[in-house]
Every structure is written in structure tokens, then in C-alpha cells.
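Got your viewer open? Let's take a walk through this one together, starting with the whole chain and then picking out a few spots.

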Amino acid sequence: MKSTMMDVPLSLNHLLDRAGTIFGGNAIVSRLPDKSLVTHTYAQYHRRTRALASALHSLGLRAGDRVATLSWNHHAHLECYFGIPAAGGVMHTLNIRLAPDEIGWIAGDAQDRILIVDDVLLPLYEQFAHLHAFAHVVVFPFSGAAVPPEFLDYEQLLAGADPDGFTYAEHDENSPTSMCYTSGTTGRPKGVVYSHRSTVLHTLVGCMADCWDLRGSDVMLPVTPMFHANCWGLPYGAVMLGTKIVFPGPHLHPDDLLDLMQIEPPTLSVGVPTIWMGLIQAFERAQAQTPGRWKMPEGLRSMVGGAAVPEALIRAFARHGVTLGQGWGMTETSPLATVSYPRAELKDASEDEHFRRAAMAGCPVPLVDLRIRTEDGLDAPWDGKTQGEIQVRGPFITGSYHEVAVTDDKFTADGWLRTGDVATIDELAFVRITDRTKDLIKSGGEWISSVDLENALMAHPAIAEAAVIAIPDEKWSERPLACIVLKPGQHLAMIDVAGTLGAHLLQHGFAKWQVPDRFEVIDAVPRTSTGKFWKLKLRERFPR
Ligand code: ADP
């Protein structure tokens, strides 16, 4: 017997048309560089996005061509989210926080053909322009200034295109729609490529009440950058449901977010713990200075992830009527893979138990299979105690990296993604992240490779060995601490160590925020029996 259901491919174009036709009157607000706000309706958004797709065709875009974006969170970036795949292209979001050399390398590796860049980010583009030649560079006049004549003007391209005459590029549901690079411990970053199918399924799962609980009646403030795992997928959900969006543009300072929240109060927001930490401090400071003037938006829910969410932070927001929900995932998992939510079994649980669980990564979401594998290769019992590596499988989890051979340190022989996160799982399937096997530090939601730092430090003539560990940091979640062993006869004056080595790392292409703020001179790096750096011992010695 055969199913009688139609075989209609899952497609982002369907979500786009739905937004334009059913929710045409709803608003998309963007904060511009001068802090003023501009509003588009979904009907305008629909036309502009189709015009972008049409303009990309006139520029000669072919199916599968990569179109890179170098952009803040705003409406034009959202146009790229749907307009590039509508034209058959693959949107490649470049991470503006990386060092310019790394961005250039990534653009080259992805073979990006076209770049769409905010005018305010042109100085960054110019620092890596020599590393990769784009066929076209399109500048979005975000600041309102005239676009320099050597570039194409985004607004002029849209004005000259015909959204009505445009037909969507043919595709099947597995055709690629977007790609995002993820930092590696060693070696270069690797590309994850999403499809229509994976994106639509992730969107449907994400919008469920037991996940983001995103509704058409919400006002969504996405603080997570749109170059980070597609802003965790929220923009797709908002377009699907016609949800009002308030984009913060480049203004991510806690005072600016607080100010924006007074003008356009959100009901749902997303961001890393660093953002929420800064926001609560700014709010409590402002409240103390001018009582009654500042408000936390009523009934605000916030999805936090990308790093561990401290229970104290969740409790602090709860005192102001704001619910922080937590999700865990990776660029490789689209990214939502687990979410902490009040399960039916917790109905009568104490308030303390609810907070304890809110500080956990939570339960696997539908369509994601999750297992915890111990070092002996066994499935950890659901006892909340036994630790092992999280492994996942599902239709929105990557099975490989763009043009990189599949290796057994990333994927198991039976087809599961090895996440490099260590966790326990309990009787309610709640995952608690306990450690990380990847040698990476996550500071303010952005990665720093400890191995890259160590290699660069060991290239310094005075240094024999260097081992870099993550130490907890209240503001940034984690910061790197470099333990260094000097060569015999070398005496870097202690006062000078941070200055000298900091300058050395900047010369080696690290971004300023990636440079450790602390260097400890030690006699020797502790080693395991197999001769590897024993970082556990260093973490015990320098717990903070
Ligand atoms: P994202 O863009 O979502 O931050 P990345 O691929 O850059 O995705 O980072 C994923 C990694 O971030 C995870 O493997 C894990 O180490 C860490 N992470 C994400 N969410 C959480 C969380 N809720 N708790 C602890 N660590 C987390």
C-alpha cells in the first residue's frame, strides 16, 4: 500500500509567501546605526525579498552559488535569509567577530561568489578583501550614507528588480539554503550546510510551545547574532508565523538594549548569558538611579543558550517577572537539540526544583535522538550521575562538513554526531552539561581555540611551553588563562608578561578579545601518562 499524501517538498519559499500574503500588515522594526527605528510591514518585506532574489538572478547567480553576508541584525539581513535561497543560492553568514584573516580564509573555503555587506562594516571587509575575490560586492546602506561608487548599492539593486516577474528557483527539499562555519579545536573552521528540509523541520520544532514557544502575537527581539547558527533559527520561525520582530542593529550594549526594550517591549528574546548578565546589571543600576523610570517588559520570556546559564541569573530575572528558558545545541545541530521546560512530571515540584532544572540543558527536542556515551563506549544510564559524551542524530543535524572528509573524532561509525560536550542525563531525560572535551574556550558566545593560542605562544622566543585553559567568568561565561613555561635563562619581567605576550598574539592574527587577560608562569605543564597536557590539573590549580 502507498500513502496517498502529496509529495510536496519542504521549502522556505512557502514560509516567505505565507508571511507576505497572510501577515502582510505585521511589522519588522530595525534599529539603525544612528539609533532611529525603521519599520517595514511583512508585505513590504515579501516584495523586497523577492526583489533581492530577482536582482541576484540578474547578477548571474547560479543554483548553489554562495552569497556571503557581513551584517548586523536587521531587516536586510532577514531579506537575505529568504531571498538568497529563493534565488537558488546559499546564504553564508560571515562572523564579524573573527579576525579579518580568518574571515577571508572562510570566504575562500566556501568559494563565496557574492558578498552583501553593511556599509558600516566596509572597514572590516577591506581588511580581508585581498584574501578572497568576490565576483560582486553589494553594499547595504545601513547608515543611510551614499554607497561608494566602486560597489553595488543594495537599495538600487532592489529598486531596479521586478519582484512580480520573479519565479522561485527550482529546488528539492534537500537543496542547500545556508551555511555557517564552526570553530575547530585544531585546524581550520569547518562549514555546516543547511537545507530547505532541515531548516523547515527545525523551525516547526523550535516554534513548539515546549521549545521557544514562539507565537504570531509575540514581539521578538533577537540579540543572538544572525551570523550565529542563523540566529538559532528564530528568524525563520518569526517569518513563518508573521511575528513582529525588533532588530537591535549594531546596538548590543546592555544600556542600549534596555533602552530599546522601553520603546519596543519584546515578549520573547534570545541571546547568550553574557547579554543577560549585562542587561540585569544595567537594569538594576538604572532602577536605583531613577526609580520607576525603567521597566522590564511585562511577561518577557527569554531563550538563553550557547553557554551554561547560571541558576543565579535565572533567579535574578524571575524576581523581575522575566522567565529565562535554556536550550543547548551547536551550529552542527541547527542549533536547537535540547530545551529545559516544565515537564508535566514537574507540575507539583518545588520552586527550587524548577530553578534547578531551568539551569540544565534540558530534554532532547522532537526529531533529535540523543545518547550519552561513556568512555567505555556504553550508553550512560539515566541516573543523572554517569558522565559521557553527548551524541546526537536527526534530520537537522549535520552528517558531515563542507568538503571535509568524515572523521571518527566527529562522527561515530553508526552515524551519530560526536558533540565534544560531556554531560549526564537523568530519569526525566534532562541533560546536564558537565564538561567539554573540545579544547576551546567560549567567551561571550564566541570561540577561542586554546590550541591555536598555545601554538602562537610557543612561537615566542622566550617560551618553552604554553597550555591555555578556560576559567569561569561572571560576565563572559569563560575567559582564557595562559600557563606558560619559560625557556631556561629567560626572564620575562612579570609586570611585562601580559603586555609582551598580548602584543605577540595580536601580531599572530588573534582578535583583541581572544587574547588572555591572565598569564601564569609555571615550572612545567602537568602531563598525563600518555604525555598529553593534563589540563584537568591546571584547572584544579587555577579554578578562577
Ligand atoms: P551557538 O551558535 O549555538 O553558540 P556553537 O556551535 O558556536 O553554537 O557552540 C555550541 C557549543 O556551545 C556546544 O557544543 C556547547 O559546548 C556550548 N553550549 C551551547 N549551549 C549550551 C548550554 N545551554 N550550556 C552549556 N554549553 C552550551
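Start with everything shown as a cartoon: the chain has 15 helices and 25 strands. Its radius of gyration is 24 Å, close to the 24 Å that the globule rule gives for 544 residues, so the chain is as compact as a globular protein of that length. Keep in mind that you're looking at a predicted model.

Stay zoomed out for a moment. Along the principal axes, the C-alpha atoms fill a box of roughly 75 × 65 × 60 Å. Now switch on the surface: the chain exposes about 23000 Å², and carbon and sulfur atoms supply 53% of that area. As for what's hidden, 57% of the 544 residues count as buried.

Next, colour by charge. There are 48 positive and 63 negative charges, and the mean positions of the two sets are 3 Å apart. Then think about who touches whom: of the contacts with a separation of 6 or more, 67% are between residues 24 or more positions apart.

**First stop: helix α3**

Select residues 75-86 to bring up α3. This helix has twelve residues and reaches 16 Å from its first C-alpha to its last, close to the 16 Å expected at 1.5 Å a residue. How many of its residues are buried? Twelve of the twelve, so to speak: α3 is mostly covered. Click along and you'll meet, among them, His-75, Glu-79, Tyr-81, Phe-82 and Pro-85, which are buried. After the helix, look for Gly-88, whose phi is positive, near 95 degrees.

**Second stop: Pro-225**

Now select Pro-225, in the loop between β10 (219-222) and α8 (234-241). Is this proline buried or exposed? Pro-225 has 13% relative accessibility, and the cut-off for buried is under 20%, so Pro-225 counts as buried. Show its contacts, leaving out residues up to four places away in sequence, and you'll find Asn-73, Arg-97 and Cys-231. For a distance check, try Lys-190: it is 35 residues from Pro-225 in sequence and 19 Å away in space, C-alpha to C-alpha.

**Last stop: Ser-54**

Finally, jump to helix α2 (residues 42-58) and pick Ser-54. This serine is buried, with a relative accessible area of 14%. What does Ser-54 touch, leaving aside its neighbours within four places in sequence? Light up Ala-161, Asp-162 and Phe-166, which are in contact with Ser-54. Then draw a line to Leu-157: Ser-54 and Leu-157 are 103 residues apart in sequence and 9.2 Å apart in space, C-alpha to C-alpha.

Methods: Residues numbered from 1 in each chain as written. Predicted model: local features only at pLDDT ≥ 70, side-chain atom pairs only at ≥ 80, totals over all residues. Heavy atoms only, no water. Helix = DSSP H or I, 4+ residues; strand = E, 2+ residues; numbered from the N terminus. Rg over C-alpha atoms; globule rule 2.2 N^0.38 Å. Buried < 20%, exposed > 50% of the residue type's maximum accessible area, 1.4 Å probe, protein only. Contact = heavy atoms within 4.5 Å. Areas by Shrake-Rupley, 256 points an atom, 1.4 Å probe, with all protein chains shown as cover. Lys, Arg positive; Asp, Glu negative; His and termini not counted. Charge placed at Lys NZ, Arg CZ, Asp CG, Glu CD. Expected span 1.5 Å × (residues − 1).
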